[in-house]
Amino acid sequence: MSAGMSRRSLLAAAAALATAAGPLSAATARAAARTPKVLVIGLDGALLGRIKDADAPNLDALMASGLTSLSPLYADPLAPTLSGPGWSTVITGVWPDKHLVKDNAFTGHAFARYPDFLTRIETARPALSTYAVASWAPVTTTIFSPKVDTRVSTPSAEYDTGTTARAVAELRDGNRDAVFVHLDNIDHAGHSHGAAGGQYLTAIHDADAQVGLIVAAVRARPAYASEDWLIMITTDHGHTDAGGHGGASAAERQTFLIAAGGGITPGSVRQDIKMPDVAVSALAHLGIPVEPSWGLDGRPLQQPSPDAFDALRPQLGTRVDETGTGTSVIGFTHAPPTGWTVDNSAMGTGGVTEWRGWTFTTDEFWTASERSQGRENNIRARNVFAVADGDEWVDKSYSGTFDSTLVTPAWRVTGGSSAVLRYTTYYRQEAPQKGEVLVSYDGGAPVAVKTYTGDVASRAESISLQVPAGATTAQIRFRYTGGNNWYWTVDAVSLTAT
């Protein structure tokens with residue numbers, strides 16, 4: 001900064017320039033002039049559907065003023081749907097295969113490698129003030145590290161009432177930059193009475209009132225007009241109607257995010273958000289760059305990056321032959337995105353219609369076809385993804401073998417240069433099944449660049465390609481062959497120059 005020029009002067013000059021440039025730039029400059037702050041509230045064991053059923057005016061108002069997104073969890077053998085793995089995923093920004101929390105004992109956790117988001121804030125910008133308060137003590141004694149400025153485990157006798165009072169006092173009277181609040185009683189009601197009953201709705205109503213007090217404390221701050229608060233409400237798992245969680249049912253796997261402030265479009269609904277996005281979105285809002293070396297699984301909700309498959313959601317249909325999925329669940333199509341094709345010329349006949357060849361589907365549709373066979377652990381796919389599922393295809397009379405190829409558009413490349421093929425994948429193997437990734441240049445013969453013949457847990461793949469001299473286009477093929485075997489998922493496919 002030049003001598004004699006204050007930060008305020010710089011901001012005023014930037015705003016003046018932006019006003020001259022146009023309304024969008026002016027809005028950006030005004031947002032930049034406000035101090036970013038983050039509030040995350042965790043409602044343990046809350047179901048979004050029951051929140052909508054309950055008398056919950058404060059949560060309803062946040063949904064109306066911001067975004068709402070459902071998000072599915074994993075299941076065993078990756079991790080059960082318990083609070084330990086759930087809150088660890090929300091708070092660290094990575095899935096259980098990285099933070100390694102499998103239960104509520106936290107044995108063998110990897111928080112030193114994948115610390116909580118408040119610790120990352122303290123490491124990147126120690127001048128920022130961080131605060132965490134929780135009704136369930138392990139959140140503040142185990143997941144959040146001592147590097148956080150203040151961690152409070154509310155005495156059990158005070159429970160959510162004490163947690164709320166402490167959060168209100170800090171937000172109203174203090175000057176924290178990032179705050180995490182954990183409320184527990186919805187989960188308690190779920191265990192004691194089940195998620196289908198009136199007691200669960202009452203617990204949601206009470207938690208909603210506490211959320212209202214916390215949000216009101218933010219808005220009552222003397223400096224609120226000069227602050228830019230991103231408020232996120234989330235949960236760690238769902239509940240069965242009868243009560244309890246830990247299993248692979250849709251209700252137990254259900255989580256959600258309600259987010260308001262931070263420039264979010266009011267009343268928006270998203271299908272691409274996942275639990276690790278909470279931590280990364282908090283970092284992004286505070287202007288803390290996420291380093292690739294951190295290995296985080298989340299991405300900022302402020303920066304959506306839908307792929308070609310996501311555009312198919314409006315044309316997804318209900319079941320045809322599949323008996324496991326409910327009749328009203330919308331979630332599959334065989335029609336590929338524009339520019340893509342599916343080659344079923346070698347595909348067998350008959351079988352279950354939904355799974356004949358590569359299918360474009362969603363978690364809620366695909367996992368319901370047969371639970372507890374690992375489909376729930378397709379964690380790195382988002383929204384709509386592609387799946388080849390020989391196991392489900394053969395559940396109706398068929399002939400021949402499963403042999404289907406998903407083909408990308410012909411993407412532009414530069415001859416003699418290098419490119420990187422990226423996609424997320426999840427592959428479960430049973431011989432003689434095989435998955436092949438092939439590339440062809442300028443319509444030439446496809447050449448295999450990756451072959452799957454063993455189990456591959458959900459992960460992001462990155463394959464370096466050397467483009468032949470003179471080539472102008474490259475086309476990628478994903479070929480799955482097998483029969484009564486397992487499955488292969490692919491999502492977020494891209495080819496970029498290096």
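Contact means that heavy atoms lie within 4.5 Å of each other. The structure is a predicted model in which local features need pLDDT of at least 70 and side-chain atom pairs count only at pLDDT 80 or more, while totals for chains, interfaces and linings use all residues. Residues are numbered from 1 along each chain as its sequence is written, and side-chain values use heavy atoms, with hydrogens and water left out.

**Exercise 1. Locate Ser129, state whether it is buried or exposed, and list its contacts beyond four places in sequence.**

Step 1. Ser129 sits in the loop between helix H7 (117-124) and S3. Helices (H or I, at least four residues) and strands (E, at least two) are DSSP runs, numbered from the N terminus.

Step 2. Buried means under 20% relative accessible area, exposed over 50%, and partly exposed in between, with a 1.4 Å probe and protein chains only. Ser129 counts as buried because its relative accessibility is 17%.

Step 3. With neighbours within four places in sequence set aside, Ser129 touches Glu122, Asp149, Asn175, Arg176, Asp177 and Ala178.

Step 4. Ala178 also appears in a strand pairing: in S5, it stands opposite Thr130. Strand S3 (residues 130-134) and strand S5 (residues 178-183) pair in the parallel sense over 5 bridges. Two strands pair if DSSP finds at least two bridges between them.

**Exercise 2. Give the strand order of the open sheet of 8 strands, then its edges, its twist and the helices placed on it.**

Step 1. The order is S4-S3-S5-S1-S6-S7-S2-S8, and the pairing is mixed.

Step 2. Strand S4 (150-153) and strand S8 (268-270) are the edge strands, each pairing on one side only.

Step 3. From one strand to the next, the twist averages 15 degrees. Axes are lines fitted to C-alpha atoms, for helices over the stretch in contact, and angles run from 0 to 180 degrees between N-to-C directions.

Step 4. Helix H4 (residues 57-65) lies across strand S1 (35-43), strand S2 (67-72), strand S6 (227-234) and strand S7 (254-261), at about 70 degrees to S7. Helix H13 (residues 277-285) packs on the sheet and touches S1, S6 and S7, with its direction at about 180 degrees to that of S6.

**Exercise 3. Describe the open sheet of 6 strands and one of its bridges.**

Step 1. The order is S9-S12-S13-S22-S17-S20, with antiparallel pairing.

Step 2. Strand S9 (332-333) and S20 are at the edges with a single partner strand each, so one side of each has no neighbour in the sheet.

Step 3. S17 and S20 pair in the antiparallel sense over 9 bridges. Thr425 has Arg459 in S20 as its bridge partner.

**Exercise 4. Characterise the largest pocket and the second largest pocket by volume, lining and residue class.**

Step 1. On a 1 Å grid over the protein atoms alone, a pocket is an open set of points where a 1.4 Å probe fits, with protein on both sides within 12 Å along at least five of seven lines; lining residues have an atom within 4 Å of a point. Grid points are joined across faces, edges and corners, and a volume is the space filled by probe spheres set on the points.

Step 2. The largest pocket has a volume of about 810 Å³. Its lining has 29 residues, of which Asp297, Gly298, Arg299, Arg382 and Thr424 lie nearest its centre. Strand S17 (418-428), strand S20 (456-466) and strand S22 (487-497) are the elements that give two or more residues to this lining.

Step 3. By class, the lining of the largest pocket has 11 nonpolar, 7 polar and 11 charged residues. Ala, Val, Leu, Ile, Met, Phe, Trp, Tyr, Cys and Pro count as nonpolar, Asp, Glu, Lys and Arg as charged, and the others, Gly among them, as polar.

Step 4. The second largest pocket holds about 680 Å³ of space. Of the 31 residues lining it, Leu70, Ser71, Pro72, Gln254 and Glu364 lie nearest its centre. S2 gives the most to this lining, with 5 residues. The lining of the second largest pocket divides into 12 nonpolar, 10 polar and 9 charged residues.

**Exercise 5. Place the cis peptide bonds before Pro77 and Pro432, and the positive phi of Tyr159 and Asp442.**

Step 1. The bond from Asp76 to Pro77 is cis, with omega near 10 degrees; Pro77 is in the loop between S2 and helix H5 (83-92).

Step 2. Ala431 and Pro432 are joined by a cis peptide bond with omega about 10 degrees. Pro432 is in the loop between S17 and strand S18 (434-441).

Step 3. Tyr159, not a glycine, has a positive phi of about 50 degrees. Tyr159 belongs to helix H9 (residues 159-173) and is partly exposed, at 24% relative accessible area.

Step 4. Asp442, not a glycine, has a positive phi of about 50 degrees. Asp442 lies in the loop between S18 and strand S19 (447-452) and counts as partly exposed at 42% relative accessibility.
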